Amino acid sequence: MNAKNGLGAERTTRLLSGSIWDELTPLVKSFQNHISAAIAFVGTQGAQTLPLGRGSSIVVNASKNAVASGSTDPNTLLAWSKKGVVLYSHSKLHAKVLLFEPDRQDAFVVVGSGNASGASATTWSEAALMTDSLESIDETRDYLVAVKSDAKKLTQSDLAALIDIYGTKRNDKVANTDYEDDDDDGGPDALPPTEKVYQLFPALMSYDDTLSAEAEHIAEELAAKHVAAIDESGLPGEKFLYTFHDELFDGESARLDEGVHVAAIMGSRKSRAHPSNEVYPPARVIHRFIDKNASPQRAYYFLLGHNSAHEPILEDLREIFTKIGVTLDHQSGYTRPHVLAAILSLWPDLTHLRTGF
């Protein structure tokens, strides 16, 4: 246990009550890049109450009804998005959960009543349990994996459309109430018409089958929820999920944010990259798990993509970079639209992948 997480030196669980955000907001700010959250409704002051940063993710209820009624402010979501926070919407969400997983401190969980809003921070008497119980952390992680899998990832285009309808039904509905919603949250079986690629790493990776039991469990759970294969047997267009840990990221320690894409160049651990090595179709990081029981500790990354009928090799990728006059760096996350478009051209049948921003 660590006193810096708010539990003190001897406790594993404590109750926060009353003005809980007086204590939670500074904690969030301290660990703003290492939080996974599910908080149903966020208000105009949500980004101040919950100061998340790049590397964190949050699931909210940003359904059309929740936004039109004023329960969720899409301007707050846009502020988070501009900071690099990965956003999801689930139209049936009513939870308030925060999972803190800092790199060099023990993980801990906060589950309570408070939405991320000015009213919750200044008016309502709230309550929340904070714990670093390993069982509770595992259960919370499983819950967040499940709810993200059932949610829709929000793009800035989605947010712009939501801003247009924000508050238009404020007088017709009571904020923060339960209601039926006909929004389509995507779900595990839906192939989105577009998947925005904002940052793409052409990363060198080694084949490895030494996943920890917990990482293997998470991979199987994610694959089941997304109806994705965890081997290479899928047909073109079908989903696949693969896992790697940071020790395999071109010999360096990876720090990939949720939502970025990776085009993996697969080879053996002992050999350098060969021109004939296959380049996997771009896959999106959908979850990150830090295994603190490993020595040294490992950060596992879980990536979801779609199979392609095309099988480019490293030589093809190098030719693409030569044509556009850009140096290929396997440690770089490329963001310029013309570079992203050039890389994606290697898989012309993956028409749902589009350059973002």
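Here are four exercises with worked solutions on a predicted model.

**Exercise 1: Aromatic pairs**

Task: Work out how the rings of Phe31 and Phe108 are arranged, and which parts of the chain the pair ties together.

Solution:
- Start with the overall picture: searching the whole structure turns up eight aromatic pairs.
- A pair of rings is described by how far apart the centres are and by the angle of the planes.
- For Phe31 and Phe108, the centres are 5.9 Å apart and the planes sit at 75°. Planes over 60 degrees apart count as edge-to-face, so Phe31 and Phe108 make an edge-to-face pair.
- Next, find them in the chain. Phe31 is in the loop between helix 1 (21-30) and strand 2 (35-39), while Phe108 is in strand 6 (residues 108-112), so the pair ties together parts that are 77 residues apart in sequence.
- Now check the surroundings: Phe31 and Phe108 are both buried. For Phe31, the relative accessible area is 7%, and the cut-off for buried is under 20%.
- Finally, look for other rings. Phe31 and Phe108 share one aromatic cluster with Phe100. Phe31 also has Glu101 across from it in the fold: their C-alpha atoms are separated by 8.2 Å, although the two residues are 70 residues apart along the chain.

Now try a second pair: are the rings of Phe289 and Tyr300 stacked or edge-to-face?

- Their centres are 6.2 Å apart, with 15° between the planes. Planes under 30 degrees apart count as stacked, so Phe289 and Tyr300 are a stacked pair.
- Phe289 belongs to strand 15 (residues 283-291) and Tyr300 to strand 16 (residues 298-306), so this pair ties together parts that are 11 residues apart in sequence.
- Phe289 has 4% relative accessibility, so it counts as buried. Tyr300 has 1%, so it counts as buried too.

**Exercise 2: The faces of helix 9**

Task: Find which residues of helix 9 are buried, and why they line one face of the helix.

Solution:
- List the buried residues of helix 9 (residues 314-324): they are Leu314, Leu317, Ile320 and Phe321.
- Look down the axis of helix 9. These residues fall within an arc of 115°, so they line one face.
- Turn to the other side of helix 9, and you meet Thr322 and Lys323, which are exposed.
- Then see what follows helix 9: it's Gly325, with a positive phi near 70°.

**Exercise 3: Two helix pairs**

Task: Describe how helix 6 packs with helix 8, and how helix 9 packs with helix 10.

Solution:
- You describe two packed helices by the angle and the distance between their axes.
- The axes of helix 6 (residues 134-149) and helix 8 (residues 213-225) come within 10 Å and cross at roughly 25°. Angles under 35 degrees count as roughly parallel, so that's what helix 6 and helix 8 are.
- The crossing of helix 6 and helix 8 is right-handed. Among the residues that meet are Arg141 and Val145 from helix 6, and Ile218 and Leu222 from helix 8.
- For helix 9 and helix 10 (residues 337-344), the axes are 10 Å apart and the angle is about 145°. This crossing of helix 9 and helix 10 is right-handed.
- On the helix 9 side, Leu317, Ile320, Phe321 and Ile324 make the contact; on the helix 10 side, it's Val339, Ala342 and Ile343.

**Exercise 4: A positive phi**

Task: Say where Val227 lies and whether Val227 is buried or exposed.

Solution:
- Most residues other than glycine have a negative phi. Val227 has a positive one, near 50°.
- Val227 sits in the loop between helix 8 and strand 12 (239-245).
- Its relative accessibility is 52%, so Val227 counts as exposed.

Technical notes:
Residues are numbered from 1 along each chain as its sequence is written. This is a predicted model: local features need pLDDT of at least 70, side-chain atom pairs count only at pLDDT 80 or more; totals for chains, interfaces and linings use all residues. Side-chain values use heavy atoms; hydrogens and water are left out. Rings of Phe, Tyr and Trp (its six-membered ring) pair if their centres lie within 6.5 Å; planes under 30 degrees apart count as stacked, over 60 as edge-to-face and the rest as tilted. Helices (H or I, at least four residues) and strands (E, at least two) are DSSP runs, numbered from the N terminus. Buried means under 20% relative accessible area, exposed over 50%, partly exposed in between (1.4 Å probe, protein chains only). The arc is that of the directions from the helix axis to the C-beta atoms. Axes are lines fitted to C-alpha atoms, for helices over the stretch in contact, and angles run from 0 to 180 degrees between N-to-C directions. Angles under 35 degrees count as roughly parallel, over 145 as roughly antiparallel, 65 to 115 as roughly perpendicular and the rest as oblique. A crossing is left-handed if the near helix is turned anticlockwise from the far one by less than a right angle, and right-handed if clockwise. Contact means heavy atoms within 4.5 Å.
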